[in-house]
Amino acid sequence: MSWVHSCLWAAAVATLTACATTPEVIRTPVRGPPVSAVVQNPDAFVGKRVRWGGTIVTVENRRTETWLEIVARPLQRGGRPTSTGATTGRFFGRVAGFLEPETYQRGREVTVVGTLSQSITRTIGEFPYPFPVVNVETAYLWEQLPDYDPYYYRRYYWDAPYYYPWWPYGPFHHYPYLPYGYRYH
């Protein structure tokens with residue numbers, strides 16, 4: 001192998017390792033109970049280790065810690081919460097220290113790893129709801145995915161039959177496959 005090939009391999013490996021910025025503890029699945037089971041019987045799971053994620057609803061900074069109210073969503077393989085689908089409940093993530101509310105704002109996706117403590121009951125509207133509380137060891141705030149309008153996605157010639165880019169729809173039309181990292185409105 002020549003030195004050119006060695007340099008190309010080294011550049012490829014460096015690029016791939018730079019892409020893996022998600023912490024290992026967030027990517028590694030934890031065999032913990034689901035949020036819905038803990039909401040049903042909160043005292044049975046105190047001290048269990050969990051990896052949960054979802055969408056931030058509120059950020060409450062206290063004197064020495066920050067409480068994140070999170071609507072739980074199922075996690076994908078890498079630990080990122082799904083952006084669609086049914087919620088599995090709500091929970092609080094208790095993080096030591098201060099978290100900037102402008103960074104950890106409503107609607108952002110977050111994944112937390114920690115241990116369960118005693119649940120607390122708060123109201124959602126007028127309904128009393130038992131919130132499981134996670135003592136967070138690691139919290140990972142996911143970057144926001146860009147919004148994407150599928151009706152202006154340009155088809156390329158290799159996507160269409162007979163290599164004709166506008167057959168049968170025209171140059172701009174709804175296309176069922178999105179590039180990685182994009183989602184529908």
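Two strands count as paired when DSSP finds at least two bridges between them. With that in hand, let's walk through this predicted model, starting with the sheet.

**The barrel**

Take Gly54: its bridge partner in S2 is Ala72. That bridge belongs with the wider pairing of S1 and S2, which run antiparallel over 8 bridges. Zoom out and 5 strands close into a barrel, in the order S1-S2-S3-S5-S4, with mixed pairing. On average, neighbouring strands of this sheet are turned by 45° against each other, ignoring direction.

**The core**

Which residues touch the most other members of the largest nonpolar core? Among its 24 residues, that would be Trp52, Phe91, Val112 and Val134. At least two core residues come from each of helix H3 (35–40) and strands S1 (49–61), S2 (65–73), S3 (89–96), S4 (109–124) and S5 (127–141). S5 gives the largest share, with 6 residues. As a general backdrop, nonpolar side chains in soluble globular proteins tend to be buried together.

Val134 is a handy place to look around from. Leaving out residues up to four places away in sequence, Val134 touches Trp52, Phe91 and Val112, the other three names on that list of best-connected core members. Its other contacts are Val50, Phe92, Gly93, Arg94, Gly114, Thr115 and Leu116.

**Salt bridges**

Now for the charged side chains. In general, side chains of opposite charge can pair when their charged atoms come close. Searching the whole structure turns up 6 salt bridges. Three of the pairs are set out here, with the N to O distance and the relative accessible area of each partner.

| Pair | N to O distance | Relative accessible area |
|---|---|---|
| Arg27 and Glu24 | 2.4 Å | Arg27 28%, Glu24 48% |
| Arg90 and Glu69 | 2.7 Å | Arg90 22%, Glu69 11% |
| Glu109 and Arg80 | 2.8 Å | Glu109 9%, Arg80 14% |

The Arg27 and Glu24 pair stays within one element: both residues sit in helix H2 (residues 24–27), 3 residues apart, or about one turn of the helix. Arg27 is partly exposed because its relative accessibility is 28%, and Glu24 is partly exposed too, at 48%.

Arg90 and Glu69 also meet in a salt bridge, with their closest N and O atoms 2.7 Å apart. This pair links distant parts of the chain, with Arg90 in strand S3 and Glu69 in strand S2, 21 residues apart. Arg90 is partly exposed at 22%, whereas Glu69 counts as buried because its value is 11%.

Then there's Glu109 and Arg80, joined by a salt bridge at 2.8 Å. Glu109 is in strand S4 and Arg80 in the loop between S2 and S3, so the pair ties together parts that are 29 residues apart in sequence. Is Glu109 buried or exposed? It's buried, at 9%, and Arg80 counts as buried as well, at 14%.

Beyond the pairs in the table, Glu60, Arg62 and Arg122 are linked in a network of salt bridges.

**Around Thr82**

The loop between S2 and S3 also holds Thr82. Why does Thr82 count as buried? Buried means under 20% relative accessible area, and Thr82 has 19%, so it falls on the buried side. Setting aside neighbours within four places in sequence, Thr82 is in contact with Arg73, Pro74, Gln76 and Glu109. Glu109 therefore turns up twice in this part of the model, as a contact of Thr82 and as the salt-bridge partner of Arg80 in the loop between S2 and S3.

Note on methods:
Residues are numbered from 1 along each chain as its sequence is written. This is a predicted model: local features need pLDDT of at least 70, side-chain atom pairs count only at pLDDT 80 or more; totals for chains, interfaces and linings use all residues. Side-chain values use heavy atoms; hydrogens and water are left out. A nonpolar core is a set of buried Ala, Val, Leu, Ile, Met, Phe, Trp, Tyr and Cys residues joined through side-chain atoms within 4.5 Å. Buried means under 20% relative accessible area, exposed over 50%, partly exposed in between (1.4 Å probe, protein chains only). Helices (H or I, at least four residues) and strands (E, at least two) are DSSP runs, numbered from the N terminus. Contact means heavy atoms within 4.5 Å. Axes are lines fitted to C-alpha atoms, for helices over the stretch in contact, and angles run from 0 to 180 degrees between N-to-C directions. A salt bridge is a side-chain nitrogen of Lys or Arg within 4 Å of a carboxyl oxygen of Asp or Glu.
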